[in-house]
Amino acid sequence: MDPRLNFKPRLHFLWFCLLFGVSFGEVRYILPEEMLRGSVIGNVARDLALKVTDLDVRRARVVAEGTSQLCELDTASGNLLISQRIDREELCVQASVCILQYQLLLEDPLQAYSIVLDIADINDNSPVFAAGEIQLDLVESTVLGRRFPLESAHDPDLGTNSVREYKLSPNNHFALEMSTQINGNACPELVLKKALDREAQAEHVLKINGIDGGNPVRSGTASIHIRVLDANDNVPVFSQRAYKASVFENSAIGTVIATLNATDSDEGVYGEITFSFSHLSDKMGGVIEINPLSGEVRLAGVIDYEEASTHELDVQAKDGGGQASHCKLIIDVIDVNDNKPMIEVKSASSNVAEDSKPGTMVALINVYDLDTGSSGRITCTIPDDVPFKLVSEVKHYYMLVTDGILDRELQSEYNITVTAADAGAPPLSSVKVITILVNDINDNPPTFTQSECDANILENQPVGTFVMKIKAMDIDNESNAKIRYEISKDTKSEVSSFLTINSDTGELFTSRLFDYEQSVHFQIKNDNAPVVLYPVQTTGFIAEDMVPIEAPRGYLVTKVVAVDADSGHNAWLSYRIIKATRPNLFVVGLHTGEIRTVRTFTEDDEPKQTVVVSITDNGHASLSATATVHVMIGDGLPVLNELFEFADESQDTDNLTLYLIIALATVSSLLIVLIIGVFYFKLCRRSYVYRSTTDSLPVFPTAYLPPFTDLSRCGTLLKDERYDSFLTTGSWRGDFRFGSSTDTDTLKQRSAAYQKNTLRQASDRATLKVRAGAPHPCYVVQ
């Protein structure tokens with residue numbers, strides 16, 4: 001009958017009386033070995049005060065450190081279940097305490113709880129004698145009361161489940177008594193109670209039973225075969241009852257561990273001693289061997305500290321007459337640094353957005369070392385030249401988090417080498433490379449490939465005639481780099497009605513017929529995005545501004561300088577901080593771009609600070625640019641008093657408002673004066689009209705005349721003679737007046753030329769001027 005079935009009531013009792021403790025994020029369960037797979041160990045959700053619904057959401061899982069995964073978490077109920085057979089003797093040999101360490105991990109946020117399983121022993125093993133038959137040769141002259149130590153039965157169970165007593169089969173000559181060894185174990189001894197007589201009985205066959213203290217009890221049996229000899233009345237004697245030795249793990253095969261010594265006073269064959277191990281486990285059978293003649297103990301295989309740090313062996317010295325004695329050999333294994341640290345990535349995200357805030361977790365890393373002491377102390381590092389750092393809040397676990405501003409346009413991929421090194425001598429290390437891809441965000445405006453574009457077109461060309469192609473670039477990626485072209489809404493309506501643009505390709509086409517006599521010059525006006533002059537925003541170059549660590553509040557660190565090619569209110573710029581390593585450390589002047597300290601520096605402030613400033617213009621559809629400022633906090637730098645001033649933005653804003661009101665009032669006054677002047681000028685013209693008496697002079701319709709209001713890009717009249725303006729009959733100073741000449745003869749010559757020639761067909765070139773400087777030539781929408 002399987003003793004585990006008889007143990008079932010006890011298991012039920014132990015189950016309902018299960019002891020566990022929770023303190024400082026640790027839960028401890030005591031459970032018996034050999035529980036059935038799927039059995040419930042305990043409800044960790046209840047014992048750790050966790051919500052069962054959070055287990056799936058936070059990806060809860062149970063992980064082991066260097067041991068087999070013998071249990072698993074049922075996230076639906078919060079129960080910890082047996083997943084594999086647990087054999088205490090296989091896991092912990094005969095250690096007094098058998099502890100299995102696991103971690104319960106939850107993410108978002110990261111939490112770790114320690115789960116300790118204390119495996120209790122059950123009586124699942126019977127006592128076993130190494131030899132099923134024990135041979136003893138006793139001389140018939142052996143004195144009464146002589147004691148003969150017997151081999152102990154071996155039971156891998158512990159405590160009351162191990163061997164507790166021995167029983168000898170009934171006989172007339174021998175009795176069984178127990179003696180206590182150095183380690184406290186009971187050893188059976190055969191005691192002669194009645195004199196032997198070889199002639200009466202040459203052999204005696206007895207039975208010995210080893211019985212454990214389990215419930216129900218288990219037992220093992222061996223037979224004792226005693227031969228009665230005529231002589232050999234001395235047994236071998238060891239020089240020590242217990243030998244102690246030590247050996248480094250992974251020592252070379254053949255290394256001598258110890259040399260045992262025993263003597264026998266008998267002579268001849270009865271004095272010849274052979275050494276052997278009384279009981280050697282399967283694991284140690286190929287690791288340690290003993291020379292049967294010399295008693296020299298050597299390594300026969302690889303001995304590993306991580307498997308067992310101490311070995312206790314029984315050694316027997318037996319003479320040629322069959323008499324034997326025993327001793328203990330205790331071998332301590334010395335740990336050496338023979339295990340590299342292990343790096344396991346428990347959770348990792350291969351992508352991170354370039355606008356991620358500092359401290360964003362990218363990967364969760366578990367490091368551990370099977371060695372002990374200094375050889376098991378691990379330091380985990382990553383290179384200094386990457387915007388990431390390692391943060392450890394739970395033992396053996398590191399979070400890889402962002403530590404600075406990411407910019408995909410500067411670097412789109414990071415191969416981060418994680419190095420784990422122990423403190424052994426010599427130290428051992430392991431590396432693992434984690435690849436992180438930086439996802440693009442739309443943080444860069446398009447830029448034109450040309451600063452100025454000019455195009456010419458013949459008049460009377462059909463609608464849809466290709467004029468030119470505008471090209472712009474965007475250093476963002478994929479959809480963020482897709483460019484859409486538009487003619488600015490600020491362009492005059494009569495200009496925009498002549499041209500259309502392909503929003504995808506940037507190709508300009510005519511949408512109406514061009515007439516040289518009506519208009520010769522078109523200028524497409526567009527807004528310009530701010531351009532950062534300082535600090536220099538160049539790929540591969542990082543400018544750093546230094547600030548003393550003793551700098552007071554309001555100290556001037558640096559100044560962001562930007563310009564806008566537009567004019568008027570479109571060129572008014574505003575500065576704002578949109579991202580910073582420490583949000584409460586710096587402030588930027590709204591209109592000055594000056595970056596000053598908000599408070600004094602502390603020890604917690606990183607020595608390298610990054611500030612991203614957004615520069616926005618004041619246009620109807622405002623455009624913006626960004627400037628990245630790198631600040632180094634230096635020790636020993638002087639504090640300059642002239643840089644200490646805390647900018648009062650509210651005062652600046654009030655002053656600016658006042659200036660705007662004054663400017664608006666001034667412009668309004670000038671506009672009223674101008675309107676009055678225009679009306680007065682027209683009234684004067686009507687009062688002094690001069691009519692020529694020459695009736696033959698032609699009167700030209702205004703449709704064929706270039707207007708005076710057609711201005712060049714500099715705001716002055718065009719100097720080309722083709723742009724000379726004239727007045728028809730009725731002008732107040734003669735029949736014709738050309739805007740580019742005041743000479744009377746020239747006027748008469750040109751008047752005659754106009755009389756001789758009729759109106760010609762419009763066949764001259766009309767010039768389309770597109771400028772990309774100030775004002776900006778092309779408007780690009782992303």
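A residue counts as buried when its relative accessible area is under 20%. Keep that cut-off at hand for this tour of a predicted model.

**Whole chain.** Start with everything displayed. The chain has 782 residues, of which 41% are buried. Its secondary structure consists of nine helices and 50 strands. Among contacts with a separation of 6 or more, 68% are between residues 24 or more positions apart. The chain exposes about 42600 Å², with 53% of that coming from carbon and sulfur atoms.

**Glu189.** Select strand E12, residues 186-192, and find Glu189 in it. Is Glu189 buried or exposed? Its relative accessible area is 11%, so Glu189 is buried, the cut-off being 20%. Now show the side chain of Arg147: a polar contact of 2.5 Å links it to the side chain of Glu189. To see the rest of the surroundings, add Phe148, Pro149, Leu150, Ala175, Leu176, Glu177 and Ser179; Glu189 is in contact with these as well as with Arg147, when neighbours within four places in sequence are left aside.

**Strand E7.** Next select residues 111-120, which form strand E7. Seven of the 10 residues in E7 are buried. Which strands pair with E7? One is E1, residues 26-32, which runs parallel to E7 and is joined to it by seven bridges. Within this pairing, look for Ile30 opposite Asp118 of E7. Another is E6, residues 99-106, which is antiparallel to E7 and shares eight bridges with it. Here Leu104 has Tyr113 in E7 as its bridge partner. Follow the backbone from E6 into E7: the two form a hairpin with four residues between them. In that turn, Asp108 has a positive phi of about 55 degrees.

**The cores.** Stay in this region and colour the nonpolar side chains. The largest nonpolar core has 29 residues, and Leu80, Tyr102, Leu104, Ile115 and Leu117 have the most contacts inside it. Two or more residues each come from E1, helix H3 (44-47), strands E3 (61-64), E4 (71-74) and E5 (79-82), E6 and E7. Apart from this core lies another, of 25 residues; select Ala245, Phe277, Met284 and Val297, which are among them.

**Leu117.** Finish by centring on Leu117 and displaying what it touches. Not counting residues up to four places away in sequence, Leu117 touches Tyr29, Leu31, Ile41, Cys71, Leu80, Cys98, Ile99, Leu100 and Tyr102. Leu80 and Tyr102, in that list, are also named with Leu117 among the residues with the most contacts inside the largest core.

Methods: Residues numbered from 1 in each chain as written. Predicted model: local features only at pLDDT ≥ 70, side-chain atom pairs only at ≥ 80, totals over all residues. Heavy atoms only, no water. Buried < 20%, exposed > 50% of the residue type's maximum accessible area, 1.4 Å probe, protein only. Pairing = 2+ DSSP bridges. Polar contact = N/O pair within 3.5 Å; in protein donor to acceptor, adjacent residues only side chain to side chain. Contact = heavy atoms within 4.5 Å. Core = buried A, V, L, I, M, F, W, Y, C linked by side-chain atoms within 4.5 Å. Areas by Shrake-Rupley, 256 points an atom, 1.4 Å probe, with all protein chains shown as cover.
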